[in-house]
Amino acid sequence: MAKRSDVAVIAHARKTLGGGLDELRKLLTDEIHDELIWYEVPKSKKAPKKIRKALDQGAKRVFVWGGDGMVQRAVDTLAGTDATLSILPAGTANLFATNLGIPENLAEAVRIGLHGTERELDLGKINGEHFAVMAGAGFDGHLISEADSGAKDRMGKLAYVWTGLRHIQDDPSPTKITVDGNTWFEGEASCVLFGNVSTITGGIKAFDDAKPDDGWLEVGVATSQNAVEWARTLGRMALGRSDRSPFVQITRAKRIEVKFAQPTLYELDGGDRSTVRKLKAKVVPGAIRVRVP
């Protein structure tokens, strides 16, 4: 009977990278001669059950194949365990991998996953759920919610641009933001963001100083209310520091509470959630072990 290894693969079956899952199996079995723990799922929300099953079978190294939504489900499940995450960036958006320097090259991603440096990284936690990249509400929540999987499959990253254009005229919502017990912002906000890393889609730095191991969450609020103001805000983010925009305020905190005057959509790591009137977020230092270059 074949001995089972401590390496698990949890793969989003609809995502692609390099030569696909067949090439992945070959690359892994070139170095690992025991039987792999292998699960494929049709959607990311099915991943946590398989990850827990893999851990029960003795997995210590978990390779996750997919985009940020798949990685978010993985870090939420693996947080606080002694298992190590290896990311195989096969999604539409691979922002966590990009921020960590893991390339969209299958052979190199596998090499990093097997032999890279192991780092303990922070996670954010919002309304009870961990995230690795960033979470947001308002404009950001609508953008993610409406760029559904069908649109992303057809248009890729342009799906976010298309849906974003539909919401630049949305009315801002009266919002109160408390950071570490102190009122930091009270007024009309069109978007609230929480960041664990700096770079978002298109190489834009939303949070210039964010690091995934500094023990802080970056907090940003945008007050842009029309196409001209959003153009100035996004232009500043693309060409310079985000905090120099007149329509953006940024700080950092351990704990954040946000209260909205009306139900507001929120998202984390590219996955839309429900509408809420309150968000509670915090940093969880050293919550996850990840293989990096």
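## Aromatic rings and charges

How many aromatic pairs does the count come to by this rule? The answer is 0 aromatic pairs, where rings of Phe, Tyr and Trp (its six-membered ring) pair if their centres lie within 6.5 Å. This is a predicted model, in which local features need pLDDT of at least 70, side-chain atom pairs count only at pLDDT 80 or more, and totals for chains, interfaces and linings use all residues. Residues are numbered from 1 along each chain as its sequence is written, and side-chain values use heavy atoms, leaving out hydrogens and water.

Charges do sit over rings here (NZ of Lys or CZ of Arg within 6 Å of the ring centre and within 35 degrees of the ring normal). The charged end of Arg25 is over the ring of Trp38, 3.9 Å from its centre, and Lys254 lies over the face of Trp216, 4.3 Å from the ring centre.

## One face of helix H2

Let's turn to H2, residues 47-56 (helices are DSSP runs of H or I, at least four residues; strands are runs of E, at least two; both are numbered from the N terminus). Ala47, Pro48, Ile51 and Ala54 are buried (under 20% relative accessible area; exposed is over 50%, partly exposed in between, with a 1.4 Å probe and protein chains only). Seen down the axis, these buried residues fall within an arc of 120° (taken from the directions from the helix axis to the C-beta atoms), so they line one face of H2. Lys49 and Asp56, on the other side, are exposed.

## Two loops with positive phi

Asn127, in the loop between strands S5 (117-126) and S6 (129-131), has a phi near 45°. Asp180, in the loop between strands S8 (173-179) and S9 (182-189), has a phi near 50°.

How values were computed: Rings of Phe, Tyr and Trp (its six-membered ring) pair if their centres lie within 6.5 Å; planes under 30 degrees apart count as stacked, over 60 as edge-to-face and the rest as tilted.
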